[in-house]
Amino acid sequence: MSRWYQPHEEWPKHSKPWWRETLEHARSAGWHLKRLEGHSWGRIVCDPDLEKPCKILIFSTGTNGESAARDARKTVARCDHHAEAGGERNLLTAAALVEHAERLLDAADRCLQAAGKSAEAEDLLNGAASAAAEAEKLLEQALASDKDSQELLLEAFVVLPAGSQLGCPPTIQEVELLVVEAEARVDEAQQLVDDLPTAPSDHSLRSRIQQVRAHVDELFGRIGRG
């Protein structure tokens, strides 16, 4: 059954990485997705309300898929309908960027929590080896911490936005890259919002941007990057 996905929603993931990159690019640019079934995976449209919008058909399989995905990204970049839509479109794009940044930080946060739990588990296991009387209790605590670590890692991969990658287990450098990417996304969102006249509709978005920036600083502090 086909349905429309808005740019602020999470879109279904395509099986091909080059189409996933194109879909994320279009979503960040404020486009809409109509999910289809069969050989045609879906269709992205710059604005379904326009009489003659820019639209691109996305196939499930087929030859020259990477080339078609690159051409699709160029079509998204050339679309000028969004400029005509005014500030509201920029607000939608900024909201999508902030959402992406929030999900990156959420994944990074869980990775750091997982790293902490893993280190805690290792310390507890070492303590269990040197204190036989406390070994059973420490072992239970270590297993619980290790379980928490695994669950947090799973949650990190669930909230990780499409197009972003993590190793398993992730390195501290990979976590730092998530935070750096989140900072870049929220900078883009800030620029879009700052270019608009002040309006009541963007107050909550500005507040989210400030919260995301505070989260970025907090995670950088935990990573050890001042």
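Visitor: Which residue follows helix 7, and what is the sign of its phi?

Guide: Helix 7 is followed by Gly-224, whose phi is positive, near 100°; helices (H or I, at least four residues) are DSSP runs, numbered from the N terminus. This is a predicted model, in which local features need pLDDT of at least 70 and side-chain atom pairs count only at pLDDT 80 or more, while totals for chains, interfaces and linings use all residues. Residues are numbered from 1 along each chain as its sequence is written, and side-chain values use heavy atoms, with hydrogens and water left out.

Visitor: How do you know that the span of helix 7 agrees with its 21 residues?

Guide: The expected span is 1.5 Å times one less than the number of residues, so residues 203-223 should cover 30 Å, and the end C-alpha atoms are 31 Å apart, which agrees.

Visitor: What makes Cys-79 buried or exposed?

Guide: Buried means under 20% relative accessible area, exposed over 50%, and partly exposed in between (1.4 Å probe, protein chains only). Cys-79 has a relative accessible area of 14% and is therefore buried, whereas Cys-168, at 67%, counts as exposed.

Visitor: Which residues of helix 7 are buried, and where do they lie around the axis?

Guide: The buried ones are Leu-205, Ile-209, Val-212, Val-216, Leu-219, Phe-220 and Ile-223. They cover an arc of only 100° around the axis (taken from the directions from the helix axis to the C-beta atoms), so they are on the same side of helix 7. On the other side, Ser-204, Gln-211, Asp-217 and Gly-221 are exposed.

Terms used
Helices (H or I, at least four residues) and strands (E, at least two) are DSSP runs, numbered from the N terminus.
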